[in-house]
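Please find below a colleague's note on the structure shown here. It is set out as numbered points for reading alongside the coordinates.

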Amino acid sequence: METATPHPNPAIRSSSRRSPWLLIAAALALVVGVWQAISFSLSPSSAQSVQQISAAQLETDYGVRVRLIGVTAAGGMLDVRFKILDPVKAEQIFRIQEMLPRLIAGKTILETEPPDLDSLVLEEGGIVFLLFPNRGGVVQPGTPVTIAFGDLQLEPMPAQ
């Protein structure tokens, strides 16, 4: 029967003694891989159920007109304003948390702190405005911005 003799170089270890760092690295790689797969599946470009709508369709079906996507606060914020044309139809967007607007500029999704839905005043001719952080100044005047409401995406509009 052969006996194992230690290797003369102490830096080379037996394969039966695995470094805990190797296990940690493998676990981290697995977590990163799963995160990327989830992020890709949730990205707007990969979602199968996204429906593109026009500004006219937003007005007809949801009683809302986009009045402004404006770069403000020295480029650090986006001021988005909606005119309420039909308060009953507008409730489909502004009374359901999952339908609240988010902005898409290229591959960047910008979301705002959700407002108290009960405090939003939806009256005919009224204006609802939301402020979005413009992280990294990704949106400049003229940048095409898509407003998404749940699975609906409005045609891109240039920021002002």
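The points that follow concern a predicted model and deal with a helix pair, a sheet and the packing between helix and sheet.

1. Helix H2 spans residues 55-62 and helix H3 spans residues 87-94; the two pack with their axes 7 Å apart, at an angle of about 110°. Because angles of 65 to 115 degrees count as roughly perpendicular, H2 is roughly perpendicular to H3.

2. On the H2 side, the contact is formed by Leu58, Thr60, Asp61 and Tyr62. H3 contributes Lys89, Ala90, Gln92 and Ile93. By character, the residues of this contact comprise 4 nonpolar, 2 polar and 2 charged.

3. The model contains an open sheet of 3 strands, in the order E2-E3-E6 and with antiparallel pairing. Strand E2 (64-72) and strand E6 (127-133) are the edge strands, each of them pairing on one side only. On average, and with direction ignored, neighbouring strands of this sheet are turned by 20° against each other. As a general matter, strands of a sheet pair through backbone hydrogen bonds, in either a parallel or an antiparallel manner.

4. Strand E3 covers residues 77-84 and pairs with E6 in the antiparallel sense over 7 bridges. Asp79 may serve as a point of reference when inspecting the model: it stands opposite Leu131 in E6.

5. Which strands does H3 touch where it packs on the sheet? The helix touches E2, E3 and E6, and its direction makes about 145° with that of E3. H3 thus appears in both settings, packing with H2 and on the sheet.

Note on methods. Residues numbered from 1 in each chain as written. Predicted model: local features only at pLDDT ≥ 70, side-chain atom pairs only at ≥ 80, totals over all residues. Heavy atoms only, no water. Axes fitted to C-alpha atoms, helices over the stretch in contact; angles between N-to-C directions. Helix = DSSP H or I, 4+ residues; strand = E, 2+ residues; numbered from the N terminus. Parallel < 35°, antiparallel > 145°, perpendicular 65-115°, else oblique. Contact = heavy atoms within 4.5 Å. Nonpolar A, V, L, I, M, F, W, Y, C, P; charged D, E, K, R; others polar. Pairing = 2+ DSSP bridges.
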